[in-house]
Each structure stands twice: as C-alpha cells, then as structure tokens.
Amino acid sequence: MINAIRRVLLLLAFCIIGVAGFYIFKNLNTSIEIGSIKVKVMENGVDVEIENFRVAHEVKGVKEWELKADFAQINNQEDLTTMRNVEMILHKAENKKYVISADSGTYKKATKDVNLMGNVKFVGSSDILMDRINTNPSKATQSQ
C-alpha cells in the first residue's frame with residue numbers, strides 16, 4: 001500500500017516537471033521584461049534591450065566619464081552595445097564637465113571605444129580648446 005502511494009506521488013512529480021518543462025520550452029522565444037530591462041532569447045545567445053541605459057567609468061573612486069542613452073541593445077555575441085539618444089559626460093579637474101550628445105552611437109565594452117553618430121554636439125568650457133589652439137601654432141613655428 002505504501003509503495004503504491006510512493007509510485008503515484010513519483011508519477012505526479014514527473015508530470016509536474018514535464019508540464020513545467022513544456023511551458024518553458026514553448027515560451028523560449030518570447031521576451032521577458034524586468035523593469036526597464038527587456039531580455040530576448042535568440043538563436044545566437046541572449047540579447048538585452050535596456051531603456052535609460054547608463055554606464056560609468058571610475059578610477060580610484062573618481063568618475064572619469066558617464067555614458068547614458070534612452071535606449072540600448074546589447075549584443076553579447078559581438079560584445080557591442082548600440083544606443084539611441086546618447087549623452088556622454090566627461091568629468092575633468094576642478095569640477096568641470098563636458099557633455100557630448102548624439103542621435104546614436106556604439107560602445108564596445110572590451111576596448112571601451114565609444115562611437116557617436118548624427119547631430120553630435122559638444123558642450124563645455126572653452127579652456128581646453130583654447131589651450132590646444134595656443135600650443136599648436138608654437139609647435140608649427142618651431143618645426144619650420
């Protein structure tokens with residue numbers, strides 16, 4: 001009698017596991033949304049779509065730059081993030097910051113390369129630009 005009950009419970013457990021596995025594999029190609037992160041299971045790996053994307057780079061607790069985007073798609077296969085409505089903030093000494101904005105861009109995590117495209121705008125203090133312009137003519141006259 002006890003063995004019969006054990007067999008029925010074991011059979012019931014296998015049925016529940018089978019039904020759960022069926023629903024997991026049936027819904028495998030759909031997307032899952034967690035807050036502003038949307039995960040899609042694709043044939044070539046997992047691709048992630050993120051709204052309000054943000055990455056910050058710090059060295060010894062000091063922010064060097066921040067990268068923000070309204071929408072980003074991360075392709076893990078190519079290690080490439082494609083973004084829309086991008087804003088990059090460069091933090092410099094004396095609490096100065098420079099903001100670069102663009103319509104779209106890409107970010108390669110391994111090399112930390114950022115490419116911005118379309119209506120690229122640079123907003124910030126002209127100090128660095130003026131220093132650069134002032135040092136270039138002196139170098140040009142020395143080389144002649």
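In the predicted model, Lys63 is partly exposed, with a relative accessible area of 30%. The side chain of Lys63 forms a salt bridge with that of Glu66, the nitrogen-to-oxygen distance being 3.7 Å. Glu66, by contrast, is buried, and its relative accessible area is 6%; the cut-off for burial is under 20%. Glu66 also meets Arg54 in a salt bridge, here with an N to O distance of 2.5 Å. Because Arg54 belongs to strand 3 (residues 45–59) and Glu66 to strand 4, this contact ties together parts of the chain that are twelve residues apart in sequence. A search of the whole structure returns two salt bridges, and Arg54, Lys63 and Glu66 are linked by such contacts into a network.

Strand 4, which spans residues 62–75, pairs with strand 5, residues 80–92, in the antiparallel sense. Ten bridges are found between strand 4 and strand 5. Glu66, besides taking part in the salt-bridge network, has Ile89 of strand 5 as its bridge partner. For Trp65, the bridge partner in strand 5 is Leu90. Strand 4 and strand 5 form a hairpin in which four residues lie between the strands. Within this turn, Asp79 has a positive phi of about 55°.

Strand 5 is also joined to strand 6 (residues 96–108), again in an antiparallel arrangement, through twelve bridges. One of the pairings across these strands places Thr82 opposite Thr106, its bridge partner in strand 6. The connection between strand 5 and strand 6 is likewise a hairpin, with three residues between the strands. Glu94, located in that turn, has a positive phi of about 60°. Strand 5 therefore has antiparallel pairing with strand 4 and with strand 6, given that two strands pair if at least two bridges are found between them.

Aromatic contacts were examined next. The structure holds two aromatic pairs. One of them, between Trp65 and Tyr107, is edge-to-face, with a centre-to-centre distance of 6.1 Å and an angle of 65° between the planes. This pair links distant parts of the chain, since Trp65 is in strand 4 and Tyr107 is in strand 6, 42 residues apart. Both partners are buried: Trp65 has a relative accessibility of 10%, and Tyr107 has a relative accessible area of 5%. The other pair is formed by Tyr98 and Phe122, whose ring centres are 5.7 Å apart and whose planes lie at 10°, so the arrangement is stacked. Tyr98 is part of strand 6 and Phe122 is part of strand 8 (residues 121–123), so the contact ties together parts that are 24 residues apart in sequence. The two partners of the stacked pair fall into opposite classes of accessibility: Tyr98 is buried at 3%, whereas Phe122 is exposed at 53%.

A further feature of the model is found on its surface. Met1, Ile5, Leu9, Leu12 and Ile16 make a nonpolar surface patch of about 580 Å². Among these residues, Ile5 is located in helix 1, which comprises residues 2–26. Ile5 counts as partly exposed, with a relative accessibility of 45%. This value satisfies the requirement for patch membership, because residues of a patch must have over 30% relative accessible area.

Terms used
Residues are numbered from 1 along each chain as its sequence is written. This is a predicted model: local features need pLDDT of at least 70, side-chain atom pairs count only at pLDDT 80 or more; totals for chains, interfaces and linings use all residues. Side-chain values use heavy atoms; hydrogens and water are left out. Helices (H or I, at least four residues) and strands (E, at least two) are DSSP runs, numbered from the N terminus. A salt bridge is a side-chain nitrogen of Lys or Arg within 4 Å of a carboxyl oxygen of Asp or Glu. Buried means under 20% relative accessible area, exposed over 50%, partly exposed in between (1.4 Å probe, protein chains only). Patches are made of residues with over 30% relative accessible area and no salt bridge: like charges are joined within 9 Å, nonpolar side chains (Val, Leu, Ile, Met, Phe, Trp, Tyr) within 5 Å. Accessible areas come from the Shrake-Rupley method with a 1.4 Å probe; for residues, only the protein chains shown count as cover. Rings of Phe, Tyr and Trp (its six-membered ring) pair if their centres lie within 6.5 Å; planes under 30 degrees apart count as stacked, over 60 as edge-to-face and the rest as tilted.
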